[in-house]
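Student: Could we go through this one together? I'd like to hear what stands behind each label.

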Amino acid sequence: MDLRPVLSVLSTHQPTYLPACITVSLLHWTFWLLGAIGWSSPWSISTVCQRSDLLTVLDLDFDSTTSTMSALRTARYFHVKCRFPHEYRYKGPEGQIQRIVRQEVPAGQIAWDTPYDVYDPISFTAPHVLTAPWADPPIGQAGFHPRWNQRDGPVNRQSHEGVYLMSDQQAPLNIRGRTGLKGRGTLGRWGPNHAADPVVTRWHRDSDGQRRIHPDSQKPVLQFVAIQRRDTGEWATPGGMVDPGELVSETVKREFMEEAMDSTQATAQEKAANFEMVRDFFTRGQEIYAGYVDDPRNTDQAWMETVAFLFHDDTGSEVGQFELKAGDDAQALQWMDISSDLNLYASHINFIQKAAELQDAHW
Ligand code: BGC
């Protein structure tokens, strides 16, 4: 069996799984070869993987090596943060956390074309979504005739990842497979919900203005603008939802202005003076990702996608000159050193890794 297509799909969609997948593949073939020459191992591949924690990384069902292979085949469907833990955390209007149970979805059962006979998840759409003007009405409501997989007036119902399927109830099916929950959770749109993320970077400079070199990699350390999300408390890029009819490039600039620039220590006068510079800075973005986001809010019928743009201030004289501080509403914001140790919201770490690679920075 040629595993190269599987590995290339994995590296595109889930770079963090790649080393684990290569290791499992190598183990599989080593065990197979040893078996073929008549050596009987005291350990099975499953024992080795469990002891080495590969099971946790890959969440595979190791009943047999066949299932290893079938899970690897469907591994491009791995979405983790909407399957673990097996609950959907929802912050109610008074800030109280509610936990909605997600049905367990083992890795081998994520793909819609893999039979999963006992699959019968509950349906949950947050009460405020049902009445929100920015959200879709329920499927089947009189007058609601969405054009799936197309631009539907100002609403983009296309996925960056291709054509999504429809369920028997005429609702979109998550383009990466099962999540253990039906309904929309807290997301407004059925199908893809589009966001945009600015990845704004500068070099970490010491007091003498020199770029800081990381002692391990001997590469310069990059910093990005990180924001602490109100919903989960995790650090993330300062992205936001694309408004109907809005260009993605406009969204990234708007979100950065709203979420980051407003909390810089610059006075209104300084900001006005810098207006042109900031506007110009945001015309020089490079698209580094467009697709599905492994977001804890994803459900079987509604999911997040984003387009991430990299904006780099090489000299630190543009947006990089602004120091960031927590806003009045205590939302934290900072220039954060980039490294592989970061733990960020959803799959934002993938955008940050890409930014570091493109600039040959420490990772
Ligand atoms: C965030 C974006 C993020 C997207 C998907 C949005 O709520 O603002 O930063 O990429 O969700 O997780």
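Tutor: Here is a run through the terms, each set against its cut-off.

Student: What should I know about the model first?

Tutor: This is a predicted model, where local features need pLDDT of at least 70 and side-chain atom pairs count only at pLDDT 80 or more, while totals for chains, interfaces and linings use all residues. Residues are numbered from 1 along each chain as its sequence is written, and side-chain values use heavy atoms, with hydrogens and water left out.

Student: Why is His79 called buried?

Tutor: Buried means under 20% relative accessible area, exposed over 50%, and partly exposed in between, using a 1.4 Å probe and protein chains only. His79 has 0% relative accessibility, so it counts as buried. His79 sits in the loop between helix H5 (65-73) and strand S1 (87-91); helices (H or I, at least four residues) and strands (E, at least two) are DSSP runs, numbered from the N terminus.

Student: What makes the pairing of His79 and Tyr292 a polar contact?

Tutor: You need a pair of N or O atoms within 3.5 Å; within protein, one must be able to donate a hydrogen and the other to accept it, and residues adjacent in sequence count only if both atoms are side-chain atoms. The two side chains, His79 and Tyr292, make theirs at 2.6 Å. The His79 side chain also reaches the backbone oxygen of Arg178 at 2.8 Å.

Student: What makes helix H9 "mostly covered"?

Tutor: Eight of the eleven residues in H9 (residues 348-358) are buried, among them His348, Phe351 and Ala356. Just after H9, Asp360 takes a positive phi of about 50°.

Student: Which residues are closest to the ligand?

Tutor: Asp197, Gly239, Asp295, Arg297 and His348 are the closest of the 14 residues around the ligand. To be near, a residue needs one of its heavy atoms within 4 Å.

Student: How do you know which class those surrounding residues belong to?

Tutor: Ala, Val, Leu, Ile, Met, Phe, Trp, Tyr, Cys and Pro count as nonpolar, Asp, Glu, Lys and Arg as charged, and the others, Gly among them, as polar. The shell comes out as five nonpolar, five polar and four charged residues. Strands S7 (191-203) and S12 (302-313) each supply at least two shell residues.

Student: Which polar backbone atom lies 2.9 Å from a ligand oxygen?

Tutor: One belonging to Gly239. A Gly240 polar backbone atom is 3.2 Å from an oxygen atom of the ligand, and a polar side-chain atom of Arg229 lies 3.5 Å from one.
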